[in-house]
Amino acid sequence: LRLNGNGPFFGTGGVSASTGHWTTAGGVSSQTWTKFNGNIGSLRVSNTSAGGLTLSTAAGSSFSLTGGLTVDPASVLRATAAALSVGGDWNVAGSAQMTQSTVTFAGAAGSTLAVVSGASFDFLSVAGPNLTVTFSTTVTVASTMTVSAGTLELAASTVTVRGSWTQSGGAVLGGTSRTLFDGGANQVVTALPGSSFGAFISSSAGGMTIASALTALHQFEWHRGTLNFAGRALSVGGNMSIMSSGAGLTFAGSTVTFAGASTQTVGFNTLAAVVVDNPNPVRIGFDSTWGSFTINPGRFFDGGIRNLTINGDQWNTAGAVYTSVSQQHSV
C-alpha cells in the first residue's frame, strides 16, 4: 500500500496488517501521519523531500508496526516525543530523527529481528516476549536503554549509551561487543544474572554507578568521571584498566572475579575482594592494595615484580599456581 499524502487514515475504525505487508510513504513533498488505531505491518519511507515523513503526536503518540522499518537512501523519518513499536528489522539507509521518542522492539513471541543500519535512538527498549534482537551495526542511544523481556544479542556491535541501562527481565548476551557509557549526567547500570556485556567502558562525565552484579566477558575500562561499584560482584574476562582521567573510585564491599580464558592484567591498584578464576596468568599491573585475596584451585596468578598489600581478612591460594619474579615481588 503506497500512500503519498498526509493521514494516513481517518475515522474511528481499526487498521490491521500482517508482518509481511508493507505500507510505503512515497510522497514527493513533506508528509505528516498521525496516530492510527491498530498496526500497519512493515513501514517503508521512500519520501525523498527535505521534510520526509513525520510521525506526529497531534492525535496521539503511539505507532505500531508488526513488521520492520526501512528508510530508503535520501529519505527521512522524523518523530518528536512519539512512541514507535517495531516487530521486525530496523534498516535505515537514509535518516531517522527520533527526537525524545521511544523505539520499542516488541515483535511476536519467538521472532528474530536485527538492527541493521542507521541505529541512532533517543530512548530504546526491548520488550517482546521470547523475541531475539541482534545488534548488527553501531548503535547509539542518546538517553536510556531498557530490556524488560526477550533476548538482546549485542554480538560484535559498538554500543554508545548516554543515559541509564536498566534490565528488569529477559537476557543480554555480550558477545564481542563494546559498550561505552559516556553521558553527561550520572549513569546507572542494572543487569540481571546470566546476562553480560562484551567490553564495558565507563566514561561518563557525570559518573557511573553499577547497581547490580555485572559480567564483562572482555575488557573492563574506566576512562573518566567517578565509578561506583560498592557492594557489587563483578566478573571480568579481559584486562581491567584505569585510563588517564578516571578518578573517584568507590568499591567497598565489592568482589571482582577475574574469569578470562587468556592472560589478564589487573590495572586497578585498589580493590576490595579479588578472586582469580583463570587457568591462564592473571597479572598484577601496578603495586596494589586489595582486600581479601583468593586464587581458586588450579587457577594461575602472576605477581611479577609488583608489591601487593592485602588488608582484608582472608588469603587463600590453596591448590593454585602463584608465580613471581624472585626477590622482586613482595606481599
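**Figure 1. Strand 1 meets strand 2 in a predicted model.** In this predicted model, strand 1 pairs with strand 2 (residues 22-25) in the parallel sense, over two bridges. Arg2 has Thr24 in strand 2 as its bridge partner. Strands of a sheet pair through backbone hydrogen bonds, and the pairing may be parallel or antiparallel.

**Figure 2. The nine-strand open sheet.** The strand order is 1-2-4-7-10-13-16-19-22, and the pairing is parallel. Strand 1 (2-3) and strand 22 (171-173) stand at the edges. Each has a single partner strand, so one side of each is left without a neighbour in the sheet.

**Figure 3. Thr134 in strand 16.** Thr134 has its place in strand 16 (residues 132-135). Is Thr134 buried or exposed? Its relative accessibility is 16%, so Thr134 counts as buried. Leaving aside residues up to four places away in sequence, Thr134 touches Leu113, Ala114, Val115, Glu153 and Ala155.

**Figure 4. The four-strand open sheet.** Four strands form an open sheet in the order 3-5-8-11, with parallel pairing. Strand 3 (31-33) and strand 11 (95-99) are the edge strands, and each pairs on one side only. From one strand to the next, the twist averages 15°.

**Figure 5. Strand 8 and its two partners.** Strand 5 (residues 53-55) and strand 8 (residues 76-80) run parallel and are joined by three bridges. Here Leu55 stands opposite Ala79 in strand 8. Strand 8 is also joined to strand 11 by five bridges, and these two strands run parallel. Arg78 stands opposite Gln97 in strand 11.

**Figure 6. Trp90 and Phe121, one of the aromatic pairs.** The structure holds 20 aromatic pairs. In the pair shown, the ring centres of Trp90 and Phe121 are 4.9 Å apart. The planes lie at 50°, so the pair is tilted. Trp90 belongs to strand 10 (residues 90-92), Phe121 to strand 14 (residues 119-121). The pair therefore ties together parts that are 31 residues apart in sequence. Trp90 and Phe121 are both buried.

**Figure 7. Trp290 and Phe301, an edge-to-face pair.** Trp290 and Phe301 form an edge-to-face aromatic pair, with 6.3 Å from centre to centre and 70° between the planes. Trp290 lies in strand 35 (residues 288-290) and Phe301 in strand 37 (residues 300-302). The two residues are eleven residues apart, and the pair links distant parts of the chain. Both Trp290 and Phe301 are buried.

**Figure 8. Trp90 in the largest nonpolar core.** Which members of this core touch the most other members? Among its 72 residues, these are Trp90 and Phe105. Strand 28 (residues 220-228) gives the most to this core, with three residues. The view centres on Trp90 and its contacts. Residues up to four places away in sequence are not counted. Trp90 touches Leu69, Leu84, Ala96, Val103, Phe105, Ala114, Val115, Val116, Ser117, Gly118, Ala119 and Phe121. The contact with Phe121 is also the tilted ring pair of Figure 6.

**Figure 9. Strand 28 and its partner strands.** Strand 25 (residues 199-202) runs parallel to strand 28, and three bridges join them. Phe200 stands opposite Phe220 in strand 28. Strand 26 (residues 208-210) also runs parallel to strand 28, joined by two bridges. Asn228 in strand 28 is the bridge partner of Thr209. Strand 30 (residues 240-250) pairs with strand 28 in the parallel sense over seven bridges. In this pairing, Trp222 stands opposite Ile242 in strand 30.

**Figure 10. An aromatic cluster.** Which residues form one aromatic cluster? They are Trp165, Phe181, Phe197, Phe200, Phe220, Trp222, Phe229 and Phe268. Phe200 and Phe220 of this cluster also stand opposite each other in the strand pairing of Figure 9. Trp222 is a further member of the cluster, and it faces Ile242 across the pairing with strand 30.

**Figure 11. Arg44 over the face of Trp22.** Arg44 lies over the face of Trp22. The distance from the ring centre is 5.9 Å.

Terms used
Residues numbered from 1 in each chain as written. Predicted model: local features only at pLDDT ≥ 70, side-chain atom pairs only at ≥ 80, totals over all residues. Heavy atoms only, no water. Phe/Tyr/Trp six-rings, centres within 6.5 Å; stacked < 30°, edge-to-face > 60°. Buried < 20%, exposed > 50% of the residue type's maximum accessible area, 1.4 Å probe, protein only. Lys NZ or Arg CZ within 6 Å of the ring centre and 35° of its normal. Core = buried A, V, L, I, M, F, W, Y, C linked by side-chain atoms within 4.5 Å. Contact = heavy atoms within 4.5 Å. Pairing = 2+ DSSP bridges. Axes fitted to C-alpha atoms, helices over the stretch in contact; angles between N-to-C directions.
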